[in-house]
Amino acid sequence: MINQQYSAKLQRFQELLLTTLLGDIPTIFLGPQLRRLGYRRLFAALGEKVYIQHGAEFLCTNSIEIGNGVHIFKNVRLDAKGHPNNKIFLGNGVAIERNVDIGCMENTSIHIDEDTFIAPNVCIAGPGDIRIGKQCMIASQCGIYANNHNFADPFLPIKQQGITCKGIVIEDDCWIGNGVTVLDGVTIGKGSVIGAGAVVSKDIPPYSVSVGIPARVIKSRNAKELVPSSQA
C-alpha cells in the first residue's frame with residue numbers, strides 16, 4: 001500500500017514537473033515538439049506526429065493512451081485519476097479543440113476512436129464507460145455524462161443518494177449538434193444525426209435524425225421522413 005502511494009505521488013510529481021516546464025511554451029518556440037519529446041515518459045502510450053498546444057492539462061498520465069496524429073489544443077483537460085483501472089484512449093487522428101474537459105471517476109474507460117473531432121467547450125465525464133466511434137463529429141457545448149443521480153428519497157440530500165452509471169455508446173460516423181446533452185445508458189446508432197440543443201435520454205437507431213427535448217427520431221437517413229416537416 002505504501003509503495004502504491006509513493007508510486008502515485010512520484011507519478012504526479014513527474015507530471016507536474018514536465019507539464020510546468022513544457023506545458024506553456026508557445027508554438028513559436030517549438031513548444032509542441034518539446035512537449036511531444038518530454039511527455040513520452042509520462043503517458044501509457046504516445047504516438048507519432050502528436051500535436052499538443054500550450055495550456056493543456058493532464059492528470060494520471062500513465063492511464064492515458066494517445067495514438068498517432070492526435071491534435072490536442074489549448075486548455076484541454078484529460079483527467080484519468082480516481083481508480084487504478086481508469087483509462088482514457090484517443091485513437092489515431094483524433095482532434096480535441098479548446099477547453100474540452102474529459103474526466104474519469106471510478107473504474108472508468110473513455111475510448112474515442114480514430115478521426116473523431118471534438119469541438120470547443122465539450123464535457124465528457126464518467127464514471128460509466130464511454131465509447132465514441134470512428135469519424136464522429138461532436139459540436140461545441142455538448143455534454144456527455146455517463147452517470148445519473150438517484151433522487152427517490154425526498155428526505156435525504158440528493159448528493160447522499162448515490163449514482164447509477166450504465167455507460168454511453170456513440171457509434172461510428174455520428175454528428176452530434178451544438179449544445180446536445182447525452183445522458184447515461186444511451187446508445188446512439190451508427191450514422192445518426194442529433195440536432196442542436198437536443199437531450200438524448202433513450203437509444204437512437206442507426207442512421208436516424210433526431211431533435212428535441214427529449215430527443216425523438218424525425219427521419220431516417222435511409223428512408224422518407226417519419227413525421228411531416230411542419231411537425232418537426
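## Pocket, sheets and cysteines

Biologist: Which elements each supply at least two residues of the lining of the second largest pocket?

Modeller: Bear in mind that this is a predicted model: local features need pLDDT of at least 70, side-chain atom pairs count only at pLDDT 80 or more, and totals for chains, interfaces and linings use all residues. Residues are numbered from 1 along each chain as its sequence is written, and side-chain values use heavy atoms, leaving out hydrogens and water. Elements are DSSP runs numbered from the N terminus (helices: H or I, at least four residues; strands: E, at least two). Those that fit are helix 1 (2-22) and strand 3 (57-59).

Biologist: Which element gives the largest share of that pocket's lining?

Modeller: The lining includes Arg12, Glu15, Leu16, Thr19 and Thr20, along with Gly55, Ala56, Glu57 and Phe58. Five residues make up the largest share, and they come from helix 1.

Biologist: How many residues of that lining are charged?

Modeller: Asp, Glu, Lys and Arg count as charged. Among the lining residues are Arg12, Glu15, Asp24 and Glu57. Next to three nonpolar and four polar residues, the number of charged ones is four.

Biologist: Which strands are the edges of the nine-stranded open sheet?

Modeller: Strands pair if DSSP finds at least two bridges between them. The sheet's order is 2-5-8-11-14-19-22-24-25, with mixed pairing. Pairing on one side only are strand 2 (51-52) and strand 25 (216-220).

Biologist: Which residue stands opposite Tyr51 in strand 5?

Modeller: Strand 2 and strand 5 (residues 71-72) run parallel, joined by two bridges. Facing Tyr51 in strand 5 is His71.

Biologist: And which residue of strand 13 stands opposite Ile110?

Modeller: Strand 10 (residues 109-112) has four parallel bridges to strand 7 (residues 87-90), where Leu90 stands opposite Ile112. Strand 10 also pairs in the parallel sense with strand 13 (residues 130-132), over three bridges. There, the residue opposite Ile110 is Ile130.

Biologist: How many disulfides does the count come to?

Modeller: A disulfide needs a pair of cysteine sulfur atoms within 2.5 Å. Cys60 has no such bond because the closest cysteine sulfur, in Cys104, is 8.4 Å away. For Cys142 the closest cysteine sulfur is in Cys123, and at 11 Å that is too far for a bond. The count is zero.

Biologist: Is Cys142 buried or exposed?

Modeller: With a 1.4 Å probe and protein chains only, buried means under 20% relative accessible area, exposed over 50%, and partly exposed in between. Cys60, at 22%, is partly exposed. Cys142 has a relative accessible area of 2%, so Cys142 is buried.

Key. On a 1 Å grid over the protein atoms alone, a cavity is a set of points where a 1.4 Å probe fits but cannot get out, and a pocket is an open set with protein on both sides within 12 Å along at least five of seven lines; lining residues have an atom within 4 Å of a point.
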